[in-house]
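Reader: I am new to this structure. Please give me a close look at one part, the surroundings of the ligand, and then follow the chain from there.

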Amino acid sequence: MGSIGAKDVPQLLDANGRRIDGRGLEDLRPLRITAGPLQQAEGSAFVEWGDNKVMAAVYGPREVHPRHLQQTTKAVVQCKYNMAAFSVDERKRPGLDRRSQEISKVIAEAFESVLFVEEYPRTSIDIYIEVLQANAGTRCAGVVAASVALADAGIPMVDLVPAVAVGKVAGTIVLDLKKEEDNYGEADLPMALVPRSGRLVLLQMEGHMTRDELKRSLDLGVTGCKKIYEVQKQALRDRYAVSAPSAGAEVAA
Ligand code: ADP
C-alpha cells in the first residue's frame, strides 16, 4: 500500500469509472498463455498478463531433494518463486527474501490440495516460477502458469487453478490490480480457486475492506477466474493440437 503524500497519489479512477489504463472495473488485463515453451522441463508455461511476464517449469513426481523432506505417505510439493533482478524498475536484490519465501509457501500449499499427492509417496513435485517482468499480481500469474505447466507435464490434478487479485481502489472494488493500483489502493486480495468445485486454494489480503466489500470481491474474483480458466484450457488445446503450433491462447482486455 502507498506510503507517500496524498498529493502524489495518481488518480486511480476517473469520473466515468475508467481505470488508470482505461479498463473498466471488472476488466482483466490482456492475458496470453503459452503451454510448453521450454524443452528441458517436464512441463512449462509462459504467461504474459498485462506487463507481467512469468515462466513456470515443473518436474515430478521425482526423487526428493533434500532427502530429509521425503514423506512416507505422500509426495511433497515444493515451489520456488523468484523475481529476477531485472523484473522491476528499481533493481531487486537477487536471491531469496521473505516475500519470495512466503509466496513460494502459499503456492506450494495451494497445489498440494489439487495434486493427487497420496498416489506418489516418497517423491517430490517441483514447481519453479521465474518472474521476468513484474507489474503486480505476479503470485497469481505464477499460479496460472504453474497449473498449465503441471498439466503440460501430465501430472494428475483435480483441475487447473486460475488465480487473480481483486482489490479496492478509490473506494471501489476492481478486478486484477496493476502496479499503481496495488501501490496506492486500499486493499489487495489475491485468490486462486478450483473452478469445478469453487474451492479456494489461495486467499490472502493486504489492506482493509468491509465484510460486504469482501463478499463482492470474492464474487468478482470467481468471475475473473472463470475467464482465466478458459484461456488456460485453450493454451493446452493449442499445445496438443495436431495442426501447426499456435502462438498462444489469449484474452483481450
Ligand atoms: P504480487 O506481485 O503477487 O502482487 P506484491 O503485492 O508483494 O505481490 O507485489 C506487488 C508488486 O510490487 C510486484 O508485482 C512488483 O511489481 C512490485 N514489487 C514487489 N517486490 C518488489 C521489490 N523487491 N522491488 C521492486 N518492486 C517490487
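Author: A residue is called buried under 20% relative accessible area, exposed over 50%, and partly exposed in between, with a 1.4 Å probe and only the protein chains counted. The model is a predicted one, in which local features need pLDDT of at least 70 and side-chain atom pairs pLDDT 80 or more, while totals for chains, interfaces and linings take in all residues. Numbering starts from 1 along each chain as its sequence is written, and side-chain values rest on heavy atoms, without hydrogens or water.

Start at the ligand. There are 13 residues around it, and those that come nearest are Arg 99, Ala 136, Gly 137, Thr 138 and Arg 139 (near: a heavy atom of the residue within 4 Å). Three residues place N or O atoms close enough to the ligand to make a polar contact (a pair of N or O atoms within 3.5 Å; inside the protein one must be able to donate a hydrogen and the other to accept it, and sequence neighbours count only through two side-chain atoms). Gly 137 uses its backbone: one of its N or O atoms there is 2.7 Å from an oxygen atom of the ligand. Thr 138 uses its side chain, where a polar atom lies 2.5 Å from a ligand oxygen. Asp 182 also takes part through its side chain, with an N or O atom 3.4 Å from an oxygen atom of the ligand. Taken alone, the ligand exposes 530 Å², and the protein buries 78% of that (Shrake-Rupley areas, 1.4 Å probe). Two elements give two or more residues to the shell around the ligand, namely α2 (138–152) and α3 (179–184) (DSSP runs numbered from the N terminus: helices H or I of at least four residues, strands E of at least two).

From α3, step back along the chain to Asp 176, which is found in the loop between β7 and α3. Its phi is positive, about 60 degrees, although Asp 176 is not a glycine. Most residues other than glycine have a negative phi, and most peptide bonds are trans. Is Asp 176 buried or exposed? Asp 176 counts as buried because its relative accessibility is 2%. Its backbone oxygen also has a partner, since a polar side-chain atom of Arg 19 lies 3.2 Å away.

Arg 19 itself belongs to the segment before β1 (31–35). With a relative accessible area of 4%, Arg 19 is buried too. Besides Asp 176, the Arg 19 side chain reaches the backbone oxygen of Leu 25, at 3.3 Å.

A second residue with positive phi is Ala 170, which is not a glycine either and has a phi of about 45 degrees. Ala 170 sits in the loop between β6 (163–169) and β7 (172–175). A relative accessible area of 48% makes Ala 170 partly exposed.

Two peptide bonds are cis. One joins Gly 60 and Pro 61, with omega about -5 degrees; Pro 61 is part of strand β3 (residues 52–62). The other joins His 65 and Pro 66, again with omega about -5 degrees, and Pro 66 lies in the loop between β3 and β4 (76–83).

The region of β3 also meets a part of the chain far along the sequence. Asp 51 is found in the loop between β2 (43–49) and β3, and its C-alpha is 6.9 Å from that of Gln 133, 82 residues apart in sequence. Asp 51 counts as partly exposed because its relative accessibility is 41%. Leu 132, in strand β5 (residues 124–133), pairs in a similar way with Lys 53: their C-alpha atoms are 5.4 Å apart, with their positions 79 residues apart along the chain. Leu 132 is partly exposed at a relative accessible area of 31%.

Last comes helix α4 (residues 211–240), where Lys 233 has its place. What separates the C-alpha atoms of Lys 233 and Ile 33 in space? The separation is 9.6 Å, although Lys 233 and Ile 33 are 200 residues apart along the chain. Lys 233 has 25% relative accessibility, so it counts as partly exposed.
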